[in-house]
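Charged side chains and cysteines can each link parts of a protein chain, and this report looks at both kinds of contact in turn. Please keep the structure in view while reading.

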Amino acid sequence: MLQKTSQFMREANFIGGEWVKADSGATIDVTNPATGLKIGTVPKSGKAETRRAIEAAETAFHSWKKTSVLERHKLLRKLHDAIMDNQQSLAELLTMEQGKSLTEAKGEIAISAAYVLWFAEEGRRAYGDVVPSPWADRRILVTKEPTGVVAAITPWNFPSSMLSRKLAPALAAGCTTVVKPASQTPYSGLAWGALCEEVGFPKGVVNIVTGSAGEIGDEICANPLVKKITFTGSTEVGKMLMAKAAATVKKVSMELGGNAPFLVFDDADVDRAVEGAMVAKYRNSGQTCVCTNRFFVQAGVYDAFVEKLAEASRKLKVGPGLEDGTQQGPLIDGKAVEKVEEFVSDATAKGGRVVTGGKRHALGGSFFEPTVIADAKPDMMFMKEEIFGPIAPVFKFETEEEAVRLANDTEFGLACYFYTGNLARAFRVMEGLKYGMVGVNEGLITTVEAPFGGVKESGIGREGGHQGIEDYLDTKYVCIGGLGI
Ligand code: ADP
């Protein structure tokens with residue numbers, strides 16, 4: 001078990017290069033979801049601390065934006081190496097506060113490092129344009145400049161990688177940052193402060209503040225020094241932040257909720273579909289915004305799919321994340337378990353059939369059994385709401401048109417998946433699905449090289465890919481006249 005003395009477990013804010021407590025001295029407890037026991041505390045900060053962090057970021061911006069792209073590249077490469085050199089202890093810290101298996105936590109740390117490396121490179125390719133001029137005596141340049149102070153608000157389900165894909169492009173572009181990690185999992189966020197300090201980022205370039213989400217969020221939205229807000233979390237909070245940020249016309253990137261459909265057609269390879277379904281459903285115990293929320297399976301393979309999915313679900317090893325062989329950790333807290341129970345009782349009351357699981361796990365606490373519910377119907381809660389837990393509802397459909405219509409019948413549009421062996425259908429369905437990301441015969445599609453993000457109420461902007469740095473750059477058009485050529 002990780003000791004409290006872990007160099008990365010910081011119980012303080014990181015502001016202007018200093019590790020500081022909240023002004024009031026107030027703290028928030030952080031607990032281990034696998035045991036329910038307190039791990040430690042972090043500062044319960046509010047507006048004043050946030051304002052100081054923003055001012056530190058603004059001061060640092062004046063010099064950071066002038067550093068050469070190669071200097072920033074080198075620091076980011078050092079950051080990448082520092083993350084990977086400490087992969088094991090960063091992963092243990094993550095598992096302790098978040099609950100996911102150590103294997104998944106190590107994977108998350110590795111992808112966090114990979115984002116840093118990717119954007120270290122993308123920073124060198126933030127090209128502008130030289131545009132053919134309509135005037136004989138003038139020339140047109142289009143340049144890219146760092147946007148300024150960026151505020152990043154991150155969630156508890158991927159406390160490291162969600163931060164990485166905001167921080168890395170911001171730093172590569174020449175922006176400075178104020179980060180607010182989720183209160184359930186603040187240590188994985190604060191660890192970035194320790195890492196950035198260790199590799200030599202100048203004071204104030206990265207600032208991290210923990211505490212009251214409402215107060216910190218309000219200061220971030222109202223403060224004119226903040227030029228951009230990047231947020232990953234619920235659609236509800238995202239909408240509120242967008243509305244508040246409108247007062248000072250800040251740029252926003254929003255990675256919000258999902259309601260991923262997973263379609264299996266009669267012509268699909270069912271075993272491959274089940275394999276994809278397991279990862280698309282149960283990663284992080286179902287607590288990701290790209291986790292399948294609704295399985296739609298064509299009548300001809302419905303029974304076989306349900307049976308195989310249930311069999312594979314039964315075999316999942318549930319346990320504390322730090323225990324060897326664990327595949328499914330606990331849910332984040334008691335509230336999450338209650339919500340999952342509500343989905344099950346709503347479905348069973350409306351005719352859903354629990355094929356496996358369906359209740360709290362014998363381990364107690366916030367552990368829940370991997371659950372498959374057959375005979376799902378559109379009037380059940382999970383048709384519209386994000387489950388964020390290990391429940392796989394399976395709907396039956398007859399025609400391709402019906403499946404696409406049901407899949408699109410949601411205000412969300414983040415990830416979707418479908419399985420078919422027919423090439424023409426693959427293109428028809430891919431073009432028919434109104435989503436930001438599509439997995440065709442694949443259940444795990446996130447990678448640093450590709451743009452992650454949603455349409456409709458799932459968000460604005462893209463993270464990863466060459467697109468991921470654009471939100472941190474402003475376009476400047478320069479017209480050079482009087483050349484007399
Ligand atoms: P979830 O339901 O997954 O916890 P939230 O949207 O509530 O999603 O949380 C995502 C992040 O947004 C967390 O860091 C959380 O503390 C923060 N947050 C929650 N409410 C607010 C708010 N009113 N203003 C700013 N940030 C908020």
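A disulfide is counted here when two cysteine sulfur atoms lie within 2.5 Å of each other. In this predicted model, that rule gives a count of zero disulfides. Two cysteines illustrate the result. For Cys175, the nearest cysteine sulfur belongs to Cys196 and is 14 Å away, so with a cut-off of 2.5 Å Cys175 is in no disulfide. Cys416 is likewise in no disulfide, since the nearest cysteine sulfur, that of Cys289, is 14 Å away. Both of these residues are shut off from the surface by the accessibility rule: Cys175 is buried, with a relative accessible area of 0%, and Cys416 is also buried, at 0% relative accessibility.

Salt bridges give another picture, because a search of the whole structure finds 28 of them, each with a side-chain nitrogen of Lys or Arg within 4 Å of a carboxyl oxygen of Asp or Glu. Three of these pairs are set out below.

| Pair | N to O distance |
|---|---|
| Glu457 and Lys239 | 2.8 Å |
| Arg425 and Glu400 | 2.8 Å |
| Glu400 and Arg428 | 2.8 Å |

What does the salt bridge between Glu457 and Lys239 tie together? Glu457 lies in the loop between β18 (437-440) and β19 (459-460), whereas Lys239 belongs to helix α8 (residues 235-245), so this pair connects parts that are 218 residues apart in sequence. Glu457 is partly exposed, at 31% relative accessibility, and Lys239 is partly exposed too, with a relative accessible area of 43%.

The other two pairs in the table have Glu400 as a partner. In the salt bridge between Arg425 and Glu400, Arg425 sits in helix α13 (residues 423-432) and Glu400 in helix α12 (residues 400-408), so the contact ties together parts that are 25 residues apart in sequence. Are these two side chains buried or exposed? Arg425 is buried, with a relative accessible area of 13%, and Glu400 counts as buried at 15%, because the limit for that class is under 20%.

Glu400 also meets Arg428 in a salt bridge, and this pair again links helix α12 with helix α13, its members being 28 residues apart. Unlike a buried residue, Arg428 counts as partly exposed, at 46% relative accessibility. Through shared partners, salt bridges join Asp267, Glu400, Arg425 and Arg428 into one network.

Key: Residues numbered from 1 in each chain as written. Predicted model: local features only at pLDDT ≥ 70, side-chain atom pairs only at ≥ 80, totals over all residues. Heavy atoms only, no water. Helix = DSSP H or I, 4+ residues; strand = E, 2+ residues; numbered from the N terminus. Buried < 20%, exposed > 50% of the residue type's maximum accessible area, 1.4 Å probe, protein only.
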